[in-house]
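You asked for a colleague's reading of this model before you take it back to the bench. Please keep the sequence and the 3D view open beside this note while you go through the points.

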Amino acid sequence: MKKIILSAFMLMGLAFSTQAQEISKNALGLRLGDNDGFGGEISYQRGLSDNNRLELDLGWRNNNNVDAFKLTGLYQWVWNIDGGFNWYAGVGGGVGSWSIDNNNFDDSGTFAFVAGDLGIEYGFDEVPILLSLDIRPELYFNSDDFRNDNFGPDIALGIRYQF
């Protein structure tokens, strides 16, 4: 038991003492997940300091029966694991709108949500590409029947060009 407690304290100390790798000033690409039916998102990251950034994501859906969009903003903290690997955590929120126009059913609404973000990423040295995998749990408000349970976990793979 003592070894487990000592190992946990050493791991926490290592996590808080690691130095952040300098993150890119800008990154633009796609975040591909289910996004609660909105599909993929266009994703933009703006570095604010050596280990903080802002991420903006725009998801949309446009087909014969459904028109919708979702805009998400997240503030993220980034920590270096080793080499090009980083892990990150963030908080934020967003807004969206949806409209269903089916032969027998018409409905529309707006919603707001708060979100968290936890993920891992890898930045290549040879090419300015950033790959990421994250989970973004979202809690919805004023959903106007958009969701039954007002909670949506969103797991996604991201690919971005850094500049």
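The numbered points below go through the strands, the salt bridges and the aromatic rings in turn.

1. Please bear in mind throughout that this is a predicted model. The values quoted below are therefore to be read as computed from predicted coordinates, since the model is a prediction.

2. The overall arrangement is a closed barrel of eight strands, which runs in the order β1-β2-β3-β4-β5-β6-β7-β8 and is paired in the antiparallel sense. Within this sheet, neighbouring strands are turned against each other by 25° on average, with direction ignored. As general background, the strands of a sheet pair through backbone hydrogen bonds, and that pairing can be either parallel or antiparallel.

3. Strand β1, which covers residues 26–33, pairs with strand β2, residues 41–47, in the antiparallel sense and over six bridges. If you wish to find this pairing in the view, N26 is a convenient place to begin, with R46 as its bridge partner in β2. Strand β1 is also joined to β8, again antiparallel, by seven bridges, and here G33 stands opposite A156 in β8.

4. Strand β8 has a further antiparallel pairing, with β7, and this one runs over 11 bridges. A residue pair that marks it is L133, whose bridge partner in β8 is L157.

5. A search of the whole structure for salt bridges finds 10. One of them joins R53 to E121, with the closest N and O atoms 2.8 Å apart. R53 belongs to strand β3 (residues 52–62) and E121 to strand β6, so that the contact links distant parts of the chain, 68 residues apart. Both R53 and E121 are buried.

6. R53 deserves a second look, because its charged end also sits over the ring of Y88, 5.0 Å from the ring centre. The buried R53 can thus be followed in the view to a carboxylate partner, E121, and to an aromatic one, Y88.

7. Strand β3 takes part in another long-range contact, in which R160 forms a salt bridge with E55 and the closest N and O atoms are 3.4 Å apart. R160 lies in strand β8 (residues 151–162) and E55 in strand β3, with their positions 105 residues apart in the chain. Are these two partners buried or exposed? R160 counts as buried because its relative accessibility is 1%, and E55 is likewise buried, with a relative accessible area of 1%, the cut-off for this class being under 20%.

8. The side chains of D57 and R136 also meet in a salt bridge, at 2.9 Å from N to O. Because D57 lies in strand β3 and R136 in strand β7, this pair ties together parts that are 79 residues apart in sequence. D57 counts as buried at 0% relative accessibility, and R136 is buried too, with a relative accessible area of 0%.

9. The contact between D57 and R136 should not be viewed in isolation, as both residues belong to a network of salt bridges that links R31, E41, D57, K70, D134, R136, E138 and D154. Within that list, K70 has an aromatic contact as well, for it lies over the face of F113 at 5.2 Å from the ring centre.

10. Turning to the aromatic residues, the structure holds eight aromatic pairs. One of these is formed by F111 and Y140, which meet edge-to-face at 5.4 Å centre to centre, with 70° between the planes. F111 is in strand β6 (residues 106–123) and Y140 in strand β7 (residues 129–141), so the pair links distant parts of the chain, 29 residues apart. F111 is buried, with a relative accessible area of 4%, and Y140 counts as buried at 2% relative accessibility.

11. How is the pair of Y122 and F124 arranged? The ring centres of Y122 and F124 lie 4.8 Å apart and their planes stand at 90°, so this pair is edge-to-face. Y122 counts as partly exposed at 27% relative accessibility, and F124 is also partly exposed, with a relative accessible area of 31%. Together with F85, Y122 and F124 form one aromatic cluster.

Methods:
Residues are numbered from 1 along each chain as its sequence is written. This is a predicted model: local features need pLDDT of at least 70, side-chain atom pairs count only at pLDDT 80 or more; totals for chains, interfaces and linings use all residues. Side-chain values use heavy atoms; hydrogens and water are left out. Rings of Phe, Tyr and Trp (its six-membered ring) pair if their centres lie within 6.5 Å; planes under 30 degrees apart count as stacked, over 60 as edge-to-face and the rest as tilted. Helices (H or I, at least four residues) and strands (E, at least two) are DSSP runs, numbered from the N terminus. Buried means under 20% relative accessible area, exposed over 50%, partly exposed in between (1.4 Å probe, protein chains only). A charge sits over a ring if NZ of Lys or CZ of Arg is within 6 Å of the ring centre and within 35 degrees of the ring normal. A salt bridge is a side-chain nitrogen of Lys or Arg within 4 Å of a carboxyl oxygen of Asp or Glu. Two strands pair if DSSP finds at least two bridges between them. Axes are lines fitted to C-alpha atoms, for helices over the stretch in contact, and angles run from 0 to 180 degrees between N-to-C directions.
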